[in-house]
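Colleague: I'd love a close look at the cavity side of this model, if there is anything there to see. Please start with the character of whatever lines it, then lead me outwards from there.

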Amino acid sequence: MLDLQRLRALHAVSVHGTVGAAAAALGFTPSAVSQQIAKLERETRTVLLEREGRGVRLTDEAWHLVGVAGELLALVERAETRLEERRGVPSGRLTIAAFASAARGLLPYVLADLAVRHPALDARLTEVDPHLSVDLVAKGAVDLVVAHDWDIAPLPAPAGVEQAPIGEDLCDLLVPEGHRFAGRAAVRRDELGGERWICQPPGRVCHDWLLRTLRGAGHEPDIVHQADENPTLVALVAAGLGVALIPRLGRGPLPPGVVEVPLDPMPVRRLYALWRTGAARRPAIAETVRTLRTHWPAAATHTTVPLRPAAGA
């Protein structure tokens, strides 16, 4: 008899790529995941993982088991969804993946609200880049994803995944004090040539959006500094090292020396909640999406609000 938890551990390694990443997603230690897979190897009398450099590679037999594990985990999810639906209240564990600024500017208030109103619900957050999170929810590695796209780069939802809009996040041009654009009522995109740009590294959605936007306006961007976190980007602007396009969500108050200038037209990124079709009737999904929308207006203003449930929620 194959053990479901051991199959879950193997499935997590296949999705996340490493034992360490799988352990983080499952809430275990890497050694615990390795032990689960070692026991599965003994039970099946099959080698499932092979060393490859500093990581591991799944064998052909392991990939066969991964396919079976995916089917079994989907069946378990349907059973759990039906039980929760019969109870009529959000309950059980709900794993959520969100990109960095949503994890900072929106999810703390949503999670605090859910914890107060639904103590039977165990909601857990993981910060994941939008490029990766949609695939994670499609493969069953997480239950719900908060992702975003840009007005010129729509986010595709894979087969078997549903999505609902949360809100629109506006993006401003940030320039150092004394810059030629400081004090302007608005700046057109065709005026952005010749600037020294500060942005996220290649492969990030914001980086790709900046390239498309500037090239669409006839400019080849000169990217001089790159950093993952928006607060670092803002600090580089404050030091007078360049300009940046940064969304408002999770940005917080601007430090001295940084001026916010609207673009015309203003860039917009759209936030979505995504979940697997099989879990669509789960009360925890519906309630979390509703709570995300409830807290969005405050989060969208990039203000600091107390960690308490929304009024009337």
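**The cavity and what lies beyond it**

Modeller: Happy to! Sorted by class, the lining of the largest cavity holds 10 nonpolar residues and two polar ones, with no charged residue among them. Please keep in mind that the model is predicted. Searching the whole structure turns up one cavity of 30 Å³ or more, and the space inside the largest cavity comes to about 110 Å³.

Who lines it? Starting with the aromatic side chains, Trp150 and Trp209 are part of the lining. Ile198, Leu210, Leu233, Leu245 and Ile246 are in the lining too, as are Cys199, Cys206 and Pro247. Gln200 and Asn230 complete the list. In terms of elements, two strands, β8 (196-199) and β10 (244-247), and two helices, α8 (205-216) and α9 (230-238), each contribute at least two residues to this lining.

From here, Gln200 is a handy bridge to the open side of the protein. Gln200 lines the largest cavity and is also one of the residues nearest the centre of the second largest pocket, along with Ala100, Asp129, Arg204 and Asp228. In total, 17 residues line that second largest pocket. The elements giving it two or more residues are α5 (100-105) and α8, so named by their order from the N terminus. Helix α8 therefore appears again, having been listed for the cavity as well. The largest share, three residues, is supplied by α5. The space in the second largest pocket is about 280 Å³. Its class make-up is six nonpolar, four polar and seven charged residues, whereas the cavity lining has no charged residues.

Next comes the largest pocket, with about 1,200 Å³ of space. Its lining takes in 44 residues, and those nearest its centre are Arg8, Thr95, Gly140, Ala141 and Asp143. Two or more lining residues come from each of α1 (4-16), α2 (19-26), α4 (60-87), β3 (92-98), β4 (121-127) and α7 (130-138). Of these, α4 provides the largest share, 13 residues. By class, the largest pocket is lined by 18 nonpolar, 13 polar and 13 charged residues.

Away from these spaces, one helix pair deserves a glance. Helix α6 (residues 107-117) packs on helix α10 (residues 283-300) at an angle of about 130 degrees, and the axes are 9 Å apart. That angle is why α6 counts as oblique to α10, and their crossing is right-handed. On the α6 side, the contact uses Leu107, Tyr109, Val110, Asp113, Leu114 and Arg117. Facing them on α10 are Glu287, Thr288, Arg290, Thr291, Leu292 and His295. The classes in this contact are five nonpolar, three polar and four charged residues.

Finally, two backbone details for your checks. Most residues other than glycine have a negative phi, and most peptide bonds are trans. Arginine 45 has a positive phi, near 55 degrees, and sits in the loop between α3 (30-44) and β1 (49-52). The peptide bond from aspartate 264 to proline 265 is cis, its omega being near 0 degrees; proline 265 belongs to the loop between β12 (263-264) and β13 (268-276).

Methods
Residues are numbered from 1 along each chain as its sequence is written. This is a predicted model: local features need pLDDT of at least 70, side-chain atom pairs count only at pLDDT 80 or more; totals for chains, interfaces and linings use all residues. Side-chain values use heavy atoms; hydrogens and water are left out. On a 1 Å grid over the protein atoms alone, a cavity is a set of points where a 1.4 Å probe fits but cannot get out, and a pocket is an open set with protein on both sides within 12 Å along at least five of seven lines; lining residues have an atom within 4 Å of a point. Grid points are joined across faces, edges and corners, and a volume is the space filled by probe spheres set on the points. Helices (H or I, at least four residues) and strands (E, at least two) are DSSP runs, numbered from the N terminus. Ala, Val, Leu, Ile, Met, Phe, Trp, Tyr, Cys and Pro count as nonpolar, Asp, Glu, Lys and Arg as charged, and the others, Gly among them, as polar. Axes are lines fitted to C-alpha atoms, for helices over the stretch in contact, and angles run from 0 to 180 degrees between N-to-C directions. Angles under 35 degrees count as roughly parallel, over 145 as roughly antiparallel, 65 to 115 as roughly perpendicular and the rest as oblique. A crossing is left-handed if the near helix is turned anticlockwise from the far one by less than a right angle, and right-handed if clockwise. Contact means heavy atoms within 4.5 Å.
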